[in-house]
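This text walks through two places in the model shown below. Start with the space inside, then turn to a pair of helices.

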Amino acid sequence: MHLRSSRNPQHTATLTQAIGRGLAPDGGLYLPDPLPRLDGQPCSTALADVAAWALRPFFTGDALEPQLAQIAREALNFPAPLTLLGTGPSAAQVLELFHGPTAAFKDFGARFLAGCLQHQRRHAARPLTILVATSGDTGGAVAAAFHGKPWAQVCVLFPKGMVSPRQQQQLTCWGGNVRSFAVRGTFDACQQTVKAAFLDAGMAEQRDLSSANSINIGRLLPQLVYYAAASLDIRQRTGRGASFIVPSGNLGNVMACVWARELGLPVEEIVLAHNANRTVPDYLDTGRWQPRPSVSTLASAMDVGDPSNMERMRALYPGVEALREHVAAHSVSDEQIRARIRADYAAYGRVWCPHSATAAEVYANLEPARRESRQWVLVATAHPAKFSEIVEPLIGREIEIPPALAALLALPSRYQELDPGLEPFKHALMSA
Ligand SMILES: *Cc1c(COP(=O)(O)O)cnc(C)c1O
């Protein structure tokens, strides 16, 4: 299959090229065009088997095709279970995406991308330098996925003092081929430093640079696998399709859900849950696209005012009318997040992270008839233990830490402080 840029359709690429480049040369995002339709069934609903079936058309004819099954087996080696919220035939399901090494759904994409790049870089003369600006979860997942790979060097840039204590630990506990930088500035300053590095001729001459953020199609493809597996599993058990409520920021996760439906999987409604960053809900309400600076909320990994994957969404559904036909979007305030964490703990014993709580809140506010008419699946994007300082006071007890996260918390933390901007970063890279 060939991919094309969301901007100029003349800019095409093979899957291997698109994964290697991240962004198309015209600044667009790579899209499968047209999206394939799937035939048949996977041989089981295990994630690796679903991946080998659902991603096959994307890999057909590509240099990575023979590796797909192995990449999927190694990357998707932890579960994405469905659990019930409450009891009874109309109870919602929860798709738990936080059972990977860094306890957020970013592990799926980061690990799969690492697997793809590993095959591409086998014969490369020099290591690949991966620059990641992170507001929290992405940096940890990318560091975990690339740590110890001799062909990769990772630089993680995070805004000093603006990530949760446990997120910071996950960004700084690696050592070896992962270097962590606490930038004295905001997330935007981190991102600008990374962008400047990509544009700098000297940097590009000295190193092979790559980014690992969610504009890379190699991160989106594995994410459609858990929507495929969950929807097939639900149809097998109940005869119904699945409707998903997805906590959304940059729209990578929900884009994967939309693609799963377009591939022909039994996905019905798709609802985006946003925090107070209302760009997408406002667009659907008013028809005016007005990106704006992000505001900071309890669900910080969703603090995005100008979601980059909107470009993919609009390429698929051009115009606000088309988009309204295919998705809905709602915004949830910090006050509602807090109240929902308290309420669902009291009602069901369920402990949400602040991001997952936005989906739970949107679900709770659906009209009863609409709630009853579908099999709803709330997507839980991170483990609440990552955000214990927010969640524990609300539920009045300690949250048990998953073993993988506990192991990371026990490691020593190392990072370098940095002023924002290219020069300080370049200087730090030279002085190993
Ligand atoms: C990244 C992230 C999101 C937002 O996902 P997008 O793909 O950017 O829309 C939601 N929840 C958590 C926990 C995240 O880390």
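The largest cavity holds about 30 Å³ of space. Here a cavity is a set of points, on a 1 Å grid over the protein atoms alone, where a 1.4 Å probe fits but cannot get out; its volume is the space filled by probe spheres set on the points, which are joined across faces, edges and corners. This is a predicted model, in which local features need pLDDT of at least 70 and side-chain atom pairs pLDDT 80 or more, while totals for chains, interfaces and linings use all residues. Residues are numbered from 1 along each chain as its sequence is written, and side-chain values use heavy atoms, without hydrogens and water.

One cavity in the structure reaches 30 Å³ or more. M203, Q206, R207, K426, L429 and M430 line the largest cavity, lining residues being those with an atom within 4 Å of a point. Helix 9 (201-206) and helix 20 (422-430) each supply at least two of these residues; helices are DSSP runs of H or I, at least four residues long, numbered from the N terminus. Helix 20 gives the most, with three residues.

Elsewhere in the sequence, helix 15 (residues 334-348) packs against helix 16 (residues 354-364) at about 80°, with the axes 9 Å apart. Axes are lines fitted to C-alpha atoms over the stretch in contact, and angles run from 0 to 180 degrees between N-to-C directions. The two helices are therefore roughly perpendicular, a term for angles of 65 to 115 degrees. In the contact (heavy atoms within 4.5 Å), helix 15 uses Q336, I337, R340, I341 and D344, and helix 16 uses P354, A357, T358, A360, E361 and A364.

Conventions:
Angles under 35 degrees count as roughly parallel, over 145 as roughly antiparallel, 65 to 115 as roughly perpendicular and the rest as oblique. On a 1 Å grid over the protein atoms alone, a cavity is a set of points where a 1.4 Å probe fits but cannot get out, and a pocket is an open set with protein on both sides within 12 Å along at least five of seven lines; lining residues have an atom within 4 Å of a point.
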